[in-house]
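User: Please take one part of this model and examine its packing closely. I want a connected account, from the interior outwards.

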Amino acid sequence: MLLSAEHLSINFGSRQLLEDANFYLNEGDKVGVIGILRTIYFLVGPEALRGTWVQTTCLILALVTVFMGSFMGCTENVLKKRLAYSSISQVSYVLLGLFVMTPTGLTGALLQILFHAAAKIGIFLAAGAIICLTGVQSIDRFPGLGQRLPATMLCFTALSLSLVGIPPF
């Protein structure tokens, strides 16, 4: 039973990673997280998995994915691709909350989904405005955009700080 639960979690998680690796946000993150949520809380039960090697393995894989998404995003120069890589890390934070398998972890994971969605919608809106108004798609051409598009860059900055968890955003 434990092996099949980990197999399902890894399958849903790897589907999530492949969907986000397409560099475009789509429904894959929701499907992966909801699949893992339903597997843990409705099919198997968190009590059966808590404290087992399955939980430890899932926590380690989610933590590795947090760092992998962040490091890959730091090397990317195209704005939309960098934002997509940040989603890998953000969804991995959700998975960490789910894999803790406590009510507090579940609440934190669900709140992270809500706040990440709100911030990501806004930041992609700002990124689209930047690309549409200036034609700039690469990060290395960002210097000086604050003077040309002050309101857009202010929103972009505030939303970026929200995504990385800087208070009060």
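**From the core to α6**

Analyst: In this predicted model, the largest nonpolar core has 19 residues. Val 33, Ile 36, Ile 40, Leu 49, Leu 95, Leu 98 and Phe 99 have the most contacts inside that core. Three helices each give this core at least two residues: α2 (28-44), α4 (53-75) and α5 (79-100). Another core lies apart from that one and holds 14 residues. Among its members are Ile 123, Ile 130, Leu 145 and Leu 149. In soluble globular proteins, nonpolar side chains tend to be buried together.

Ile 36 gives a way into the larger core. Ile 36 sits in helix α2. Its relative accessible area is 1%, so Ile 36 is buried, the cut-off being under 20%. Leu 95 comes 59 residues away from Ile 36 in sequence. Their C-alpha atoms are nevertheless 8.2 Å apart. Both residues are on the list of those with the most contacts inside the core.

Now the whole protein. Eight helices and zero strands make up its secondary structure. The pattern along the sequence is α-α-α-α-α-α-α-α. Of the 169 residues, 40% are buried. Among contacts with a separation of 6 or more, 66% join residues 24 or more positions apart.

α4 is one supplier of the largest core. This helix has 23 residues, which at 1.5 Å a residue should span 33 Å. Its end C-alpha atoms are 33 Å apart, so the two values agree. Buried in α4 are Val 54, Gln 55, Cys 58, Ala 62, Thr 65, Val 66, Gly 69 and Gly 73.

Next, the pairing of α5 with helix α6 (residues 103-134). The two axes lie 8 Å apart, and the helices pack at an angle of about 175°. Angles over 145 degrees count as roughly antiparallel, so α5 and α6 qualify. On the α5 side, the contact uses Leu 79, Lys 80, Leu 83, Ser 86, Ser 87, Gln 90, Tyr 93, Val 94, Gly 97 and Leu 98. On the α6 side are Gly 105, Leu 106, Ala 109, Gln 112, Ile 113, His 116, Lys 120, Ile 123, Phe 124, Ala 127 and Ile 131. By type, the contact residues are 12 nonpolar, seven polar and two charged. Leu 98 of α5 takes part in this contact and is also listed for the largest core. Ile 123 of α6 is in the contact too, and belongs to the core of 14 residues.

What happens between the two helices? Met 101 is in the loop that separates α5 from α6. Its phi is positive, about 60°, although Met 101 is not a glycine. Met 101 is buried, at a relative accessible area of 1%.

α6 itself has 32 residues. From first C-alpha to last, α6 reaches 46 Å, close to the expected 46 Å. Its buried residues are Gly 105, Ala 109, His 116, Ala 119, Lys 120, Gly 122, Ile 123, Ala 126, Ala 127, Ile 130, Ile 131 and Thr 134. Lys 120 is thus on the buried list and in the contact with α5. The cover over these buried residues includes α5, α7 (145-148) and α8 (150-164). An α-helix has 3.6 residues a turn, so residues three or four places apart point the same way.

Two residues of α6 show the cover in detail. Ala 126 lies in α6. Its relative accessibility is 7%, so Ala 126 counts as buried. Beyond its neighbours within four places in sequence, Ala 126 contacts Thr 152 and Phe 156. Leu 154 is 28 residues from Ala 126 along the chain, with 9.5 Å between their C-alpha atoms.

Thr 134 also lies in α6. At 17% relative accessibility, Thr 134 counts as buried because the cut-off is under 20%. Leaving out residues up to four places away in sequence, Thr 134 touches Leu 145, Arg 148 and Leu 149. Leu 145 and Leu 149 are members of the core of 14 residues. Arg 148 is 14 residues from Thr 134 along the chain, and the C-alpha separation is 9.0 Å. Just after α6 comes Gly 135, with a positive phi of about 80°.

Conventions:
Residues are numbered from 1 along each chain as its sequence is written. This is a predicted model: local features need pLDDT of at least 70, side-chain atom pairs count only at pLDDT 80 or more; totals for chains, interfaces and linings use all residues. Side-chain values use heavy atoms; hydrogens and water are left out. A nonpolar core is a set of buried Ala, Val, Leu, Ile, Met, Phe, Trp, Tyr and Cys residues joined through side-chain atoms within 4.5 Å. Buried means under 20% relative accessible area, exposed over 50%, partly exposed in between (1.4 Å probe, protein chains only). Helices (H or I, at least four residues) and strands (E, at least two) are DSSP runs, numbered from the N terminus. Axes are lines fitted to C-alpha atoms, for helices over the stretch in contact, and angles run from 0 to 180 degrees between N-to-C directions. Angles under 35 degrees count as roughly parallel, over 145 as roughly antiparallel, 65 to 115 as roughly perpendicular and the rest as oblique. Contact means heavy atoms within 4.5 Å. Ala, Val, Leu, Ile, Met, Phe, Trp, Tyr, Cys and Pro count as nonpolar, Asp, Glu, Lys and Arg as charged, and the others, Gly among them, as polar. The expected span of a helix is 1.5 Å times one less than its number of residues.
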